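Me: I would like to go through this structure slowly and ask why certain words are used for its parts.

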Amino acid sequence: MKILVINGPNLNFLGIREPDIYGREDYESLLRFIADVAAKHGDTAEVFQSNHEGAIIDRIQDAYADGTEGIVINPGAFTHYSYAIHDALQSISIPKVEVHLSDITKREEFRRISVTKAACDHQIYGKGFKGYEEAIEYLHKGGI
Ligand code: DQA
């Protein structure tokens, strides 16, 4: 399966930013983790990270025509206010899973709202790196 993983702003700072919330493992470790999970399932997983809203939208639009069969997205803080990323996700019918390392439903008020959620097929919160694995497995199963 051809999977695209999109990580939004500040996720490249894993291990540096708020380790008590996001853990001490760095972004390279997350990339290795995703590569291992993909290899285990015989997938190709491209990981795209950007701190820029427009770049994320461009990558989602490119997925429409590049043969991507499933998207795992952690939109970072864009989750809480980017209607533009919601609309980009909504415009393509590829299965999509939204992942958050932390449990956004148990944090500050502003994080409890996900405006991207409605454009995704499934959400996984608060499971750290493992959430990406569950998301890939969900895409394989084609739903729950
Ligand atoms: C996050 C949660 C967001 O609220 C935050 O802005 C992030 C990371 C998570 O993975 O837990 O950047 O998406």
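The turns below concern a predicted model, and they take up its sheet and then its nonpolar cores.

Me: What makes β4 and β5 a pair of strands?
Reply: Two strands count as paired if at least two bridges are found between them. Four bridges join β4, residues 96-100, to β5, so the requirement of at least two is met and the two strands are a pair. They run parallel, and H100 stands opposite Y125 in β5.

Me: Why are β2 and β5 called edge strands?
Reply: The open sheet has five strands in the order β2-β1-β3-β4-β5, with parallel pairing. Strands β2 (44-49) and β5 (122-125) each pair on one side only, and they are the edge strands. Neighbouring strands of this sheet are turned by 20° against each other on average, with direction ignored.

Me: What does the word "buried" tell me about the residues of the largest nonpolar core?
Reply: This core has 20 residues, and L14, L30, V72, V97, V99, L101 and Y132 are those with the most contacts inside it. Core residues are buried, which means that each has under 20% relative accessible area.

Me: Which helices and strands supply at least two residues each to this core?
Reply: They are β1 (2-7), α2 (27-41), β4 and α5 (130-141), and α5 gives the most, with five residues.

Me: How do you know that L101 touches Y132?
Reply: Contact means heavy atoms within 4.5 Å, and the residues that L101 touches, not counting those up to four places away in sequence, include L11, L14, Y22, F129 and Y132.

Me: Which residues belong to the other core, of 16 residues?
Reply: Among them are I57, A63, I73 and L89, and this core lies apart from the largest one.

Notes
Residues numbered from 1 in each chain as written. Predicted model: local features only at pLDDT ≥ 70, side-chain atom pairs only at ≥ 80, totals over all residues. Heavy atoms only, no water. Axes fitted to C-alpha atoms, helices over the stretch in contact; angles between N-to-C directions. Core = buried A, V, L, I, M, F, W, Y, C linked by side-chain atoms within 4.5 Å. Buried < 20%, exposed > 50% of the residue type's maximum accessible area, 1.4 Å probe, protein only.
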